[in-house]
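Could you walk me through this model in the viewer, one selection at a time? I work at the bench and would like to know what to click on next and what I will find there.

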Amino acid sequence: MAGIHRERPGAADLAAATGAPATPLGDDIWMSPGVSNSYAIATDDGRVIVNTGVVFEGALHKKAFEEVPGPTRAVVITQGHADHWGGVNSLRDDQTDVIMHRNYRYWRDDNERLMGYRVPKTSFAFEKFTQAMLEHFKTVDPATIDLSFPEPTTTFDRQHQFTAGGRAFELTWTPGGETTDALVVWLPEDRILFTGNLFGPLFGHVPNLMTIRGDRYRDPIHYIEALDVVLAYRPDKLITGHFAPIEGAELIAEEVTAMRDAMRAVHDRTLEFMNAGTDLHTAMREVKVPEQLDIGEGYGKTAWNVRAIWEMYTGWFRHRSTTELYGVPPESVASDVVAAAGADALVEAARSHIAFGRPVQALHLTDLVLTADPGHPQARALAAEAHELLLGDADNFWEKAWLTKEINELRTAQ
């Protein structure tokens with residue numbers, strides 16, 4: 001049976017909120033799509049909001065939910081990334097209970113400490129969201145938008161239950177998601193589970209244990225345990241952070257089991273390679289999701305997950321070279337290598353690698369030349385060609401965004 005990921009939208013289909021009326025999902029639940037979706041759940045005494053989008057989307061989600069009876073009794077944030085909590089201050093009322101897991105403070109602090117590092121390393125992949133924000137700011141005074149982190153009024157450890165307007169809500173900590181403050185929201189009477197980005201932004205795909213933008217490693221064991229939590233609920237409807245819900249207990253169980261088993265297989269196989277004395281790069285090439293499990297790699301990649309698992313357990317020292325222990329990078333001797341070998345000889349060797357379909361080897365050589373001479377026209381052209389070959393085989397959102405950025409920069413004259 002083909003995996004559901006083949007039928008669902010991909011990362012390129014993610015879009016910012018527009019303020020259009022929210023989509024009814026049945027069971028008195030409404031969805032307002034955005035960078036991460038926001039959901040309104042109606043009760044007899046107002047509404048409960050699950051996630052609020054990035055900061056500029058708060059007002060747009062509020063507009064989208066105008067027809068959902070208020071006031072807002074509670075806002076539940078399923079994880080500490082800013083596309084989940086950013087709009088809280090626009091959607092809350094004076095008496096709104098803002099609920100997060102107690103670990104929220106780590107992600108709040110990370111956002112504040114590393115803003116200058118992560119924003120430049122994220123922007124190349126999300127230009128359309130930046131444009132949407134700029135367009136929104138043309139219609140409002142940016143000074144009126146509250147950019148501060150919304151401190152919760154309620155936090156919890158393992159589980160938390162509350163009732164709003166006669167409707168029961170159960171929250172469970174699931175640290176195996178994108179953050180260690182991740183949680184799921186269970187509506188027991190309706191057998192509906194809100195998971196946010198527990199699975200990443202794309203359901204039916206491998207997780208993203210390592211982010212190109214720079215984030216903490218994610219623990220594969222916690223991820224497996226979190227999916228076991230989802231399976232234990234046996235939901236009839238799964239509402240994730242993006243796109244339409246997944247419906248049907250049997251389908252949900254089959255898909256979540258496959259995702260869990262795929263991660264378990266990759267984790268265990270990686271440890272087998274480590275214990276056998278195999279090197280990291282061989283493991284990255286050879287460890288695969290079992291063929292019978294049809295799991296996508298549209299946002300995370302198994303090769304990257306192998307490296308994340310390896311380094312999560314062992315750190316960065318590869319026992320390969322003494323030079324790993326010191327703050328002198330390999331590129332510090334690039335000019336010496338180029339001077340000894342000759343830039344032209346290295347470029348020709350790179351050209352040969354490209355001719356035989358080995359673009360990464362070609363990039364190892366052009367990197368040396370371009371470190372010594374960033375404007376070298378032949379090396380830049382070959383590096384761009386190597387990136388284009390890699391792009392032709394790429395299906396992953398982050399990989400494609402990175403390769404496209406590099407091609408554009410290499411094709412720009414120095």
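Start by selecting Lys237, which has 8% relative accessibility and is therefore buried, since that value is under the 20% cut-off. Please keep in mind throughout that this is a predicted model.

Now add Asp27 to the selection. Its side chain and that of Lys237 form a salt bridge, with 3.3 Å from N to O. The two partners come from distant parts of the chain, 210 residues apart: Lys237 belongs to strand 12 (residues 237-240), while Asp27 sits in the loop between strand 1 (23-26) and strand 2 (29-32). Is Asp27 buried, exposed or partly exposed? With 36% relative accessibility, Asp27 counts as partly exposed.

**Next stop: a loop-to-loop pair**

Select Arg102 and Asp157, whose side chains meet in a salt bridge at 3.8 Å, N to O. Arg102 is in the loop between strand 6 (97-101) and helix 4 (104-113), and Asp157 is in the loop between strand 7 (154-156) and strand 8 (159-164), so this pair ties together parts 55 residues apart in sequence. Turn on the surface and look at each partner: Arg102 is partly exposed, at 41% relative accessible area, and Asp157 is also partly exposed, at 34%.

**A buried pair**

Move on to Glu399 and Lys301, where the side chains make a salt bridge of 3.0 Å, N to O. Here too, distant parts of the chain are linked, 98 residues apart: Glu399 lies in helix 15 (residues 397-411), and Lys301 lies in the loop between helix 9 (280-286) and helix 10 (302-314). Hide the surface for this one, as both Glu399 and Lys301 are buried.

**A network**

Which residues are joined into one network by salt bridges that share partners? Select Asp110, Arg118, Arg213, Asp215, Arg216 and Arg218, and you have them. Why might such side chains pair up? Side chains of opposite charge can do so when their charged atoms come close. If you would like to keep exploring, the structure holds 25 salt bridges.

**Last stop: a nonpolar patch**

Bring the surface back and select Trp316, Leu325, Tyr326 and Val328. Together they make a nonpolar surface patch of about 500 Å². Zoom in on Trp316, in the loop between helix 10 and helix 11 (334-341). Trp316 counts as exposed because its relative accessibility is 58%, and the cut-off for exposed is over 50%.

Notes:
Residues numbered from 1 in each chain as written. Predicted model: local features only at pLDDT ≥ 70, side-chain atom pairs only at ≥ 80, totals over all residues. Heavy atoms only, no water. Salt bridge = Lys/Arg side-chain N within 4 Å of Asp/Glu carboxyl O. Helix = DSSP H or I, 4+ residues; strand = E, 2+ residues; numbered from the N terminus. Buried < 20%, exposed > 50% of the residue type's maximum accessible area, 1.4 Å probe, protein only. Patch = residues over 30% accessible without salt bridge, like charges linked within 9 Å, V, L, I, M, F, W, Y side chains within 5 Å. Areas by Shrake-Rupley, 256 points an atom, 1.4 Å probe, with all protein chains shown as cover.
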